[in-house]
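Here are my notes for when you next open this one. Have it on screen while you go through them.

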Amino acid sequence: AFTPRIFSGIQPSGGLTLGNYLGALKRFVEKQDEGTTPTIYCLVDMHAITVWQDPEKLRHATREAAAGFLAAGIDPKKSILFNQSQVSAHAELGWIFNCVARMGWMGRMTQWKDKAGKNSENASLGLFAYPALMAADILAYKATAVPVGEDQKQHLELTRDIAAKFNNDYGVDFFPMTEPLIEGAATRVMSLRDGTKKMSKSDPSDQSRINLTDDADAIAAKIRKAKTDPEPLPETLDGLRDRPEARNLVNIYAALSGMTAAGVVAEYAGAQFGTFKPALADLAVAKLSPITGEMTRLMQDPAEIDRILGEGADQAEAIARPVLDDVYRITGM
Ligand code: ADP
Ligand code: NA
């Protein structure tokens, strides 16, 4: 039996979005506050550089993401919060997993196909190997559960495949079969401009997403301009089946308010978007502006953020290093 442990990460490749918040960060805080299982959270800057990052912007975005975690309620006394590149066990185990994972497995990853697109000859080798490094992030702590959004489900399956192949190849029961925790009303927040694409910090259109750094006016304007259809909200959730943009706004409302999507539809049955969008904007501003304000305050003291991340890295290292020592022994190195 493996000791229960929760791990998750977010790339500091730009500002955090409402999708990151609802699908990941808000749930990281809930898991921390349940207090039953140790929680380890990581800013995965080595994943960010699988596509080009301006060094100064990356440094800034990493601190800003840390500020976002703290502002959203991650408490360094309750959770370990650190930056991936400061704990070398990730890169070391990532290499070993590059030698465990198969080319064919990686080639089937939909995120690889989406991000590399038709020009995969020109994508970085790191972008291809990304899911093996992600497996290393998780398994360096022998994490048993990973809160993530829906988009990471396939990568979690690959993490289990890597753990199983390692255990099998070396005849050990060393790594756990990590479970994804994909829960809540907003496991896949969609773009505000296109109901078929997920909201992402790497989308070129800023109008497609709400950033945790957006002020109240920007949030209200983006929601007002969000793509919808001309129909009023239906009587039941069933009526949203072929209305992805409307469904997305209802899901966002549900996740922000703590209601179910069915409850939101019941409350707003028959309402026009002219009524629903301002209500959603008010709710989003009420929930996000305290976080935005606290992020701004924290960003005035970058040395304090660096200190918290440094302490987190020491705590993370203390867990991961003995695991790596065992891995080197098991693999004959
Ligand atoms: P991004 O796509 O914004 O770069 P990351 O790859 O860093 O996000 O993902 C960080 C976490 O946020 C993951 O758990 C991921 O599943 C979650 N996440 C990202 N985008 C969304 C979204 N649109 N809806 C729900 N969760 C999301
Ligand atoms: Na992603």
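The points below run from overall shape to domains, a helix pair and the ligand.

1. Overall size. Bear in mind that this is a predicted model. The protein has 333 residues, for which a compact globule would have a radius of gyration near 20 Å; the value here is 20 Å, so the two agree. Along the principal axes, the C-alpha atoms fill a box of roughly 65 × 45 × 40 Å. As for secondary structure, I have 13 helices and five strands for the protein.

2. Domains. The assignment splits the protein into domain 1, made of 6–182 plus 301–330, and domain 2, which covers 206–296. So you'll want to colour domain 1 as two segments. Taken over C-alpha atoms, the centres of the two domains are 29 Å apart. Their contact draws 12 residues from domain 1 and 10 residues from domain 2.

3. The domain 1 face. Which elements give two or more residues to the side of domain 1 that touches domain 2? They are helix 1 (18–34) and helix 3. Helix 3 gives the most, with five residues. Sorted by class, this side of domain 1 has seven nonpolar, four polar and one charged residues.

4. Helix 3 against helix 13. Helix 3 spans residues 55–72 and helix 13 spans residues 302–330; their axes come within 10 Å and cross at roughly 75°. Angles from 65 to 115 degrees count as roughly perpendicular, which is why helix 3 is described as roughly perpendicular to helix 13. On the helix 3 side, Arg63, Ala66 and Ala67 make the contact, while helix 13 supplies Pro302, Ile305, Ile308 and Leu309. What classes do these contact residues fall into? Six are nonpolar, none is polar and one is charged. Helix 13 lies in the 301–330 segment of domain 1, and helix 3 falls within 6–182 of domain 1, so this crossing brings the two segments of that domain into contact.

5. The ligand shell. Ligand 1 is surrounded by 20 residues, and the closest are Gln11, Gly19, Gly23, Ala24 and Gly149. Helix 1 gives the most to this shell, with four residues. Helix 1 is also listed among the elements on the side of domain 1 that touches domain 2, so look at both places when you inspect that helix. By class, the shell around ligand 1 has five nonpolar, 11 polar and four charged residues.

Notes. Residues numbered from 1 in each chain as written. Chains lettered and ligands numbered in written order. Predicted model: local features only at pLDDT ≥ 70, side-chain atom pairs only at ≥ 80, totals over all residues. Axes fitted to C-alpha atoms, helices over the stretch in contact; angles between N-to-C directions. Parallel < 35°, antiparallel > 145°, perpendicular 65-115°, else oblique. Contact = placed C-beta atoms within 7 Å. Nonpolar A, V, L, I, M, F, W, Y, C, P; charged D, E, K, R; others polar. Near = placed C-beta within 6 Å. Rg over C-alpha atoms; globule rule 2.2 N^0.38 Å.
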